[in-house]
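Trainee: Please take a close look at the surface that faces the DNA. Then carry on into the protein parts behind it.

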Protein chains: 2
Amino acid sequence: MLSDRQQMILNAIVDNYIHSAEPVGSRTISKREDIGFSSATIRNEMSDLEELGYLEQPHTSAGRVPSTKGYRFYVDNLIQPHLLEEAELGKLKQLFAERILHSEQVVEYTAQILSQLTNYTAIVLGPEIFEHRLKHIQIVPLNETQAVAIVVTHTGRVENKLIDLPEGIGAGEIERLVNLLNGKLTDVPLWQLRQRLYQEISGEMQRHTEQYEEILQLLNNSLTQEEERVYLRGATKILNQPEFRDVDKVKDILELLEQHDQLLSVIGMQGDGLTVRIGQENQLDAIKQCSIITTSYSLGGKPVGMVGILGPTRMEYGKVITVLNHLAEGLSRMLTSQFEK
Amino acid sequence: MLSDRQQMILNAIVDNYIHSAEPVGSRTISKREDIGFSSATIRNEMSDLEELGYLEQPHTSAGRVPSTKGYRFYVDNLIQPHLLEEAELGKLKQLFAERILHSEQVVEYTAQILSQLTNYTAIVLGPEIFEHRLKHIQIVPLNETQAVAIVVTHTGRVENKLIDLPEGIGAGEIERLVNLLNGKLTDVPLWQLRQRLYQEISGEMQRHTEQYEEILQLLNNSLTQEEERVYLRGATKILNQPEFRDVDKVKDILELLEQHDQLLSVIGMQGDGLTVRIGQENQLDAIKQCSIITTSYSLGGKPVGMVGILGPTRMEYGKVITVLNHLAEGLSRMLTSQFEK
DNA sequence: ATTTAGCACTCGATAAGCATGAGTGCTAAC
DNA sequence: GTTAGCACTCATGCTTATCGAGTGCTAAAT
């Protein structure tokens, strides 16, 4: 529906604006080598593009700026594959070369690298561990009334929680309980634990109802504490953007970034594959001036976490998408290999 | 060396500036009920105070602003005890009423409350665990080559690390090793662990040199990962301050706050008791426009962590100091009681 | 039928000029 | 020692003028 020339011009305008942050005028475009038309022609096309809703004019005598619709078209149709530089590729490779790291640590570094490479804010959601299988449960009594319960998954993740002990329970009894749990539940995927606990063990555990509940809760917690899986890096990068040189404009954004639970609704598992949310397309008011690009990474083909970038609508979409894809792929490969061992 | 009247005036100026953020003029002071002098008199005194270095003038025809030296005198001599409101006290009580929380969690909430009550940025350094005693060591093999080592302290803290297993070690052998470690090292304070490992066990562990090293490293890590003990809340509060309405002014500060390792040098164990760093007194350039108030909290009388507040030099010193003292005391009491069980 | 040169027009941004007023420093009187 | 009075300073805000990047439109050129 847009002519080739219109697409070419829209592309040129978006490209230019992404790098200059200034409204783009017709002359600027006509001077580009790949465009063989006078500024007057460009002006006419720009006028049409504005009427169609792809461009906006801050004021009458200014150049044009892409609208959300304009960016959307750019992202969906015009974006050209971006090649990473040697140094950038190197950093990525290095990240995944590290051995002997918990998956959470890898994810944390991923956020760091992501922000460094793109100069935008990185938001990463650590992997779900539903699919991980139980390797070991341990209850270590600390004194007469308290103990710490520990759950180890087959991937080496360790979750722990302080629990209250019922009155007068003995060390022997705790040991028996733990042995029972380990015997019955080892190699059970975490998402089945709840159910299996009720099904198989409740009968034998009537004496231990209290710990039973506590343990259930621990398992639950280790599965549901989503805020704790959010990694944020480079939050202040937004301050480098010329369109956010005003404290009032960034305040809401930075406050949002501080609340990890809110971030979940921004980046939380919204389906697999790459998603681009541009400006107004975002639900939260605080980031209607921003774009968010996310993609999922997976474990054995099943999406378990997200990596994402938050930047101004005027974002280097091409580069960010490339980097995100690389990282998501690397993470998936790494997790999967670790998981399968 | 300052006359009573000078002190009174300095006090009035600082108080006023803290709340208004505007340079304070002589008339404003003379109008205050507790001051019975004309603006001319005040002017003369202000002129003297400026000459002595306690006040500064942004420009000739503006009011006066306290200098670092002025704040220093205010903090050291003039500050009046601040009473907390019911609601504020309530929040503090509630915080320490929570049971069954890991000390780290309490510390995290502390940071939250601190920032909420003061409207400044809270920086809290979680407790050292040198003094904690070893309760349990566990090594859970995940496959032929990897295992996860877990250390539990008598306070319920759990540290874990992925380790590589030496070729061809059997489950039985691991179990023997763990039993040996538990037998010899239970109830040993963590700071002694290193030494004790070498002294008592190295002989019997010649076969296991590799894990030996790994375990040492785990212990080391759990003792030295200081960045991970830094809790930051309310970083964006600084954006509410009128003197920081300029992005360039806040950028450096926020970037500093993002780097937890740097924060350590700001808040890190700088001796026990209350410390106030005012403006220029700070080492780091980024926060020479800020003041930092810290105090330590302790375990059985020994300082083990810090709570701190970062705000503009124009800070409500009285209130912040009161809140910090309350929190540090509460934390100390809580930790100590938990420790002693 | 396109494309382009030319030109009048718009409007934000910048600078200059000016009035305002908060605040000072100084002097002389109390 | 204190204060009233007054001239002086300087940031702030307002108005006006200038500048120039960029547009839209028209008419000529292709």
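**The DNA-facing surface and beyond**

Mentor: Start with one phosphate contact. In this predicted model, a phosphate oxygen of DNA strand D sits 2.6 Å from an N or O atom in the side chain of Ser26(A). Arg64(A) also reaches the backbone of this strand: an N or O atom of its side chain is 3.1 Å from a phosphate oxygen of DNA strand D. Chain B joins in through Thr41(B), which has a polar side-chain atom 2.6 Å from a phosphate oxygen of DNA strand D. Two elements give two or more residues each to the surface near this strand: helix H3 (39-51) of chain A and helix H3 (39-51) of chain B. H3(B) gives the most, with four residues.

Now widen the view on strand D. There are 20 residues around DNA strand D, and Ser26(A), Arg43(A), Arg5(B), Thr41(B) and Ser61(B) come nearest. Of the DNA strand D atoms that come within 4 Å of the protein, 71% belong to sugar and phosphate. By class, the surface near DNA strand D has four nonpolar, 12 polar and four charged residues.

Turn to strand C. DNA strand C is surrounded by 20 residues, and the closest are Thr41(A), Ser61(A), Ser26(B), Arg43(B) and Arg64(B). Sugar and phosphate make up 73% of the DNA strand C atoms that come within 4 Å of the protein. Two phosphate contacts come from chain B. Ser26(B) places a polar side-chain atom 2.6 Å from a phosphate oxygen of DNA strand C. For Arg64(B), a polar side-chain atom lies 2.9 Å from a phosphate oxygen of DNA strand C. A base is reached as well: a polar side-chain atom of Arg43(A) lies 3.2 Å from a base oxygen of DNA strand C. H3 of chain A and H3 of chain B are the elements that give two or more residues to the surface near DNA strand C. H3(A) has the largest share of that surface, with four residues. The residues near DNA strand C divide into four nonpolar, 12 polar and four charged.

Next, step from Arg64(B) into the protein. One of the contacts of Val24(B) is Arg64(B). Val24(B) lies in the loop between helix H1 (4-20) and helix H2 (26-31) of chain B. Is Val24(B) buried or exposed? Its relative accessibility is 3%, so Val24(B) counts as buried, the cut-off being under 20%. Beyond its neighbours within four places in sequence, Val24(B) also contacts Ile13(B), Asn16(B), Tyr17(B), Ile29(B), Met46(B) and Gly63(B). Ala62(B) is 38 residues from Val24(B) along the chain, and their C-alpha atoms are separated by 8.0 Å.

Leu117(B) is another buried site to check. Leu117(B) belongs to helix H6 (residues 103-118) of chain B. Its relative accessible area is 9%, so Leu117(B) is buried. Setting aside neighbours within four places in sequence, Leu117(B) touches Glu88(B), Lys91(B), Leu92(B), Lys319(B) and Val323(B). Lys91(B) is 26 residues from Leu117(B) along the chain, with 8.7 Å between the two C-alpha atoms.

Over to chain A, and helix H4 (residues 68-78). Its buried residues are Gly70(A), Tyr71(A), Phe73(A), Tyr74(A), Val75(A) and Leu78(A). What do the buried residues of H4(A) pack against? They pack against helix H1 (4-20), strand E2 (65-66), strand E8 (275-278) and helix H12 (317-340) of chain A.

Last, a helix pair in each chain. In chain A, helix H10 (residues 247-258) and helix H11 (residues 260-267) pack at an angle of about 100°, with their axes 5 Å apart. H10(A) is therefore roughly perpendicular to H11(A), as angles of 65 to 115 degrees count that way. Leu256(A), Leu257(A) and Glu258(A) of H10(A) make the contact with His260(A), Gln262(A), Leu263(A) and Val266(A) of H11(A). These contact residues divide into four nonpolar, two polar and one charged.

In chain B, helix H10 (residues 247-258) and helix H11 (residues 260-267) pack at about 100°, and their axes are 5 Å apart. H10(B) and H11(B) are therefore roughly perpendicular to each other. On the H10(B) side, the contact uses Leu256(B), Leu257(B) and Glu258(B); on the H11(B) side, it uses His260(B), Gln262(B), Leu263(B) and Val266(B). By class, the contact of H10(B) with H11(B) has four nonpolar, two polar and one charged.

Terms used. Residues are numbered from 1 along each chain as its sequence is written. Chains are lettered from A and ligands numbered from 1 in the order in which they are written. This is a predicted model: local features need pLDDT of at least 70, side-chain atom pairs count only at pLDDT 80 or more; totals for chains, interfaces and linings use all residues. Side-chain values use heavy atoms; hydrogens and water are left out. Buried means under 20% relative accessible area, exposed over 50%, partly exposed in between (1.4 Å probe, protein chains only). Contact means heavy atoms within 4.5 Å. A residue is near a molecule or strand if one of its heavy atoms lies within 4 Å of it. A polar contact is a pair of N or O atoms within 3.5 Å; within protein, one must be able to donate a hydrogen and the other to accept it, and residues adjacent in sequence count only if both atoms are side-chain atoms. Ala, Val, Leu, Ile, Met, Phe, Trp, Tyr, Cys and Pro count as nonpolar, Asp, Glu, Lys and Arg as charged, and the others, Gly among them, as polar. Axes are lines fitted to C-alpha atoms, for helices over the stretch in contact, and angles run from 0 to 180 degrees between N-to-C directions. Angles under 35 degrees count as roughly parallel, over 145 as roughly antiparallel, 65 to 115 as roughly perpendicular and the rest as oblique.
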